[in-house]
Amino acid sequence: MKEISVTSSFLVFDTLEELPNDIQHLMNQAVAIRKKAYAPYSQFRVGTALLLDNGEIVLGSNQENAAYPSGLCAERVAIFHAGSVYPEAKILKMAITAASDTNQTQAPIPPCGSCRQSIAEYEIKQDTPIEIYFMGEIGVIYQSASLKNLLPFMFDKKFL
Ligand code: THU
């Protein structure tokens, strides 16, 4: 028996102003689309902005449903839109922000497990890492240089 350890490292930015200009712009777009979320059940609004290698920015916000599981997270709304409209483009950068209507989120909000699995599919397909930035409504911003940091031991097509 032996122990193995897996580590992930992240960059932490204290303020939006500390981010590179293109990421500030991307995060501002994520904040704007977050406000358009359809979240009548959770009052938890999530916005995602993607920068593609063709220069396009693709946005998504969470879309809920009275039959709860039929709704979709902001991250998957955005990546599935990018995958359908620009199937040849690579997703280079992803900005995520979440805010509750009932309390102020200060902690960086990472993508949920299902979204991580979906993002992984695109990162593997394009063979290029996706830089992921995530934040709450206020507070620090985390950067993951690749989805892999967020999903060690990911399931992918090589196991099929
Ligand atoms: N949500 C997202 O949009 N992204 C995540 O990664 C986590 C959760 C949404 C789903 C639901 O509409 C609301 O946030 C509360 O879970």
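The following conversation concerns a predicted model of a protein with a bound ligand.

Reader: To begin with the fold, how many helices and strands does the protein have?

Author: The secondary structure consists of 3 helices and 6 strands. Along the sequence, these elements follow the pattern β-α-β-β-α-β-α-β-β. The radius of gyration is 16 Å, close to the 15 Å given by the globule rule for 160 residues, so the protein is as compact as a globular protein of that length.

Reader: And what box do the C-alpha atoms fill?

Author: Along the principal axes, the C-alpha atoms fill a box of roughly 50 × 40 × 35 Å.

Reader: What share of the residues is buried?

Author: Of the 160 residues in the protein, 42% are buried. The exposed surface of the protein is about 8800 Å², and carbon and sulfur atoms supply 55% of it.

Reader: What portion of the contacts joins residues 24 or more positions apart?

Author: Such pairs account for 67% of the contacts with a separation of 6 or more.

Reader: Turning to the ligand, which residues surround it?

Author: The shell comprises Ser42, Phe44, Val46, Asn62, Glu64, Cys73, Ala74, Glu75, Pro110, Pro111 and Cys112. By character, the shell residues divide into 7 nonpolar, 2 polar and 2 charged.

Reader: Which secondary structure elements each supply at least two of the shell residues?

Author: Strand β2, spanning 44-52, and helix α2, spanning 74-85, each do so.

Reader: Which polar side-chain atoms lie by oxygen atoms of the ligand?

Author: An N or O atom in the side chain of Asn62 is 2.9 Å from an oxygen atom of the ligand. For Glu64, a polar side-chain atom lies 2.5 Å from a ligand oxygen atom.

Reader: What about Glu75: which kind of ligand atom does its side chain approach?

Author: A nitrogen atom of the ligand lies 2.8 Å from a polar side-chain atom of Glu75. As for the ligand as a whole, it has 370 Å² of accessible area on its own, and the protein covers 74% of that area.

Reader: A different topic: where is Ser118 found?

Author: Ser118 is in helix α3, which covers residues 113-126.

Reader: Is Ser118 buried or exposed there?

Author: Ser118 has a relative accessible area of 13%. Buried means under 20%, so Ser118 counts as buried.

Reader: Which residues does Ser118 touch, leaving aside those up to four places away in sequence?

Author: Ser118 touches Arg76, Ile79 and Phe80. These three residues fall within the 74-85 span of helix α2, an element that also supplies at least two residues of the shell around the ligand.

Conventions. Residues numbered from 1 in each chain as written. Predicted model: local features only at pLDDT ≥ 70, side-chain atom pairs only at ≥ 80, totals over all residues. Heavy atoms only, no water. Near = heavy atom within 4 Å. Polar contact = N/O pair within 3.5 Å; in protein donor to acceptor, adjacent residues only side chain to side chain. Areas by Shrake-Rupley, 256 points an atom, 1.4 Å probe, with all protein chains shown as cover. Helix = DSSP H or I, 4+ residues; strand = E, 2+ residues; numbered from the N terminus. Nonpolar A, V, L, I, M, F, W, Y, C, P; charged D, E, K, R; others polar. Rg over C-alpha atoms; globule rule 2.2 N^0.38 Å. Buried < 20%, exposed > 50% of the residue type's maximum accessible area, 1.4 Å probe, protein only. Contact = heavy atoms within 4.5 Å.
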